[in-house]
Amino acid sequence: MRKAKPKKRVILPDPKFNDTKVSKFVNHLMYDGKKNTSYEIFYKSLDIVAGKLQNEEKSALEVWRQALDNITPQVEVKSRRIGGATFQVPTEIRPDRKESVSMKNLILYARKRGGKSMADKLAAEIMDAYNNQGGAFKRKEDMHRMAEANRAFAHFRF
């Protein structure tokens, strides 16, 4: 490459939990630069999760973290053109991309859900992901299934 790699931006931790992962999630959740609104949605959904899991010894933040871990894919397929044919080549995902993909999937399937407010929908999707079910978890399973089916083309990895 001709130019130098751009520097990674430093993401400041969120005000309530002092956690950068929460800030990244809120940044993905944000529309039109309305970060305060997305913080409100996120914190409200964590309160809803805490209300649903009162008998659980884990905090709502730990439940959210576990939910993200449950829907984080390990491999994905990338299209690679070789001699006129296009192959789906399974490749491992970089750690920062894993985190980003899991957050985006959680938010995407929360938005697709039927529900009253975004906080309710997000809380329901977090609960489903925590219990290894729901749209985001199904997406991860599909990604793994695709990679497994195309394992024969793994030698085309780049």
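## Exercises on a predicted model

Strand β1 (residues 75-82) runs antiparallel to strand β2 (residues 85-92), and eight bridges pair the two. The model behind these exercises is predicted.

**Exercise 1. Describe the connection between β1 and β2, and name the bridge partners in β2 of Ser-79 and Ile-82.**

Solution.
- Step 1. Begin with the pairing: β1 and β2 are antiparallel over eight bridges.
- Step 2. Look at the link. Two residues lie between the strands, which form a hairpin.
- Step 3. Check the backbone of the turn. Gly-83 has a positive phi of about 55° there.
- Step 4. Find the partners. Ile-82 is bridged to Ala-85 in β2, and Ser-79 is bridged to Gln-88 in β2.

**Exercise 2. Place the hairpin in the whole protein: how many helices and strands are there, and in which pattern do they follow one another along the sequence?**

Solution.
- Step 1. Count the elements: the protein has six helices and two strands.
- Step 2. Read them in sequence order, which gives α-α-α-β-β-α-α-α.
- Step 3. Add the dimensions. Along the principal axes, the C-alpha atoms fill a box of roughly 55 × 40 × 30 Å.
- Step 4. Add the burial: 39% of the 158 residues count as buried.
- Step 5. Consider contacts between residues at least 6 apart in sequence. Of these, 62% join residues at least 24 apart.

**Exercise 3. Describe how α3 packs on α5, giving the angle, the distance between the axes and the hand of the crossing.**

Solution.
- Step 1. Choose the quantities. A pair of packed helices is described by the angle between the axes and by the distance between them.
- Step 2. Apply them to helix α3 (residues 60-70) and helix α5 (residues 118-130): the angle is about 65° and the axes are 8 Å apart.
- Step 3. Give the hand: the crossing of α3 past α5 is left-handed.
- Step 4. List the residues that meet. From α3 they are Val-63, Trp-64, Gln-66, Ala-67 and Asn-70; from α5 they are Ile-126, Ala-129 and Tyr-130.
- Step 5. Sort this contact by class: six residues are nonpolar, two are polar and none is charged.

**Exercise 4. Is α5 largely enclosed by the rest of the structure or not, and which helices do its buried residues pack against?**

Solution.
- Step 1. Take the length. The 13 residues of α5 reach 18 Å from the first C-alpha to the last, close to the 18 Å expected at 1.5 Å a residue.
- Step 2. Apply the cut-off for buried, under 20% relative accessible area.
- Step 3. Count. Twelve of the 13 residues of α5 are buried, so the helix is largely enclosed by the rest of the structure.
- Step 4. Read the names of the buried residues. Among them are Lys-121, Glu-125 and Asp-128, as well as Leu-122, Ile-126 and Met-127.
- Step 5. Identify the neighbours. The buried residues of α5 pack against α1 (20-29), α2 (35-52), α3, α4 (95-112) and α6 (135-149).

**Exercise 5. Where is Ala-147, and which residues does Ala-147 touch, not counting residues up to four places away in sequence?**

Solution.
- Step 1. Locate the residue: Ala-147 belongs to helix α6.
- Step 2. Classify the residue. Its relative accessible area is 6%, so Ala-147 is buried.
- Step 3. List the contacts. Leaving out residues up to four places away in sequence, Ala-147 touches Val-75, Val-77 and Pro-90.
- Step 4. Compare sequence with space for Ala-147 and Glu-92. They are 55 residues apart in sequence, and their C-alpha atoms are 9.5 Å apart.

**Exercise 6. Asn-18 and Asn-132 have a positive phi although neither is a glycine. Where are they, and is each exposed or partly exposed?**

Solution.
- Step 1. Note the angles: phi is about 55° for Asn-18 and about 55° for Asn-132.
- Step 2. Locate both. Asn-18 is in the segment before α1, while Asn-132 is in the loop between α5 and α6.
- Step 3. Classify Asn-18: with a relative accessible area of 60%, Asn-18 is exposed.
- Step 4. Classify Asn-132: with a relative accessible area of 41%, Asn-132 is partly exposed.

**Exercise 7. What does Pro-13 touch, not counting residues up to four places away in sequence?**

Solution.
- Step 1. Locate Pro-13, which is in the segment before α1.
- Step 2. Classify Pro-13: its relative accessibility is 36%, and it counts as partly exposed.
- Step 3. List the contacts beyond four places in sequence: Pro-13 touches Asn-18, Asp-19, Thr-20 and Ser-23.
- Step 4. Relate Pro-13 to Met-118. The two are 105 residues apart in sequence and 23 Å apart in space, C-alpha to C-alpha.

Conventions
Residues numbered from 1 in each chain as written. Predicted model: local features only at pLDDT ≥ 70, side-chain atom pairs only at ≥ 80, totals over all residues. Heavy atoms only, no water. Axes fitted to C-alpha atoms, helices over the stretch in contact; angles between N-to-C directions. Left-handed = near helix turned anticlockwise from the far one by under 90°. Contact = heavy atoms within 4.5 Å. Nonpolar A, V, L, I, M, F, W, Y, C, P; charged D, E, K, R; others polar. Expected span 1.5 Å × (residues − 1). Buried < 20%, exposed > 50% of the residue type's maximum accessible area, 1.4 Å probe, protein only. Pairing = 2+ DSSP bridges.
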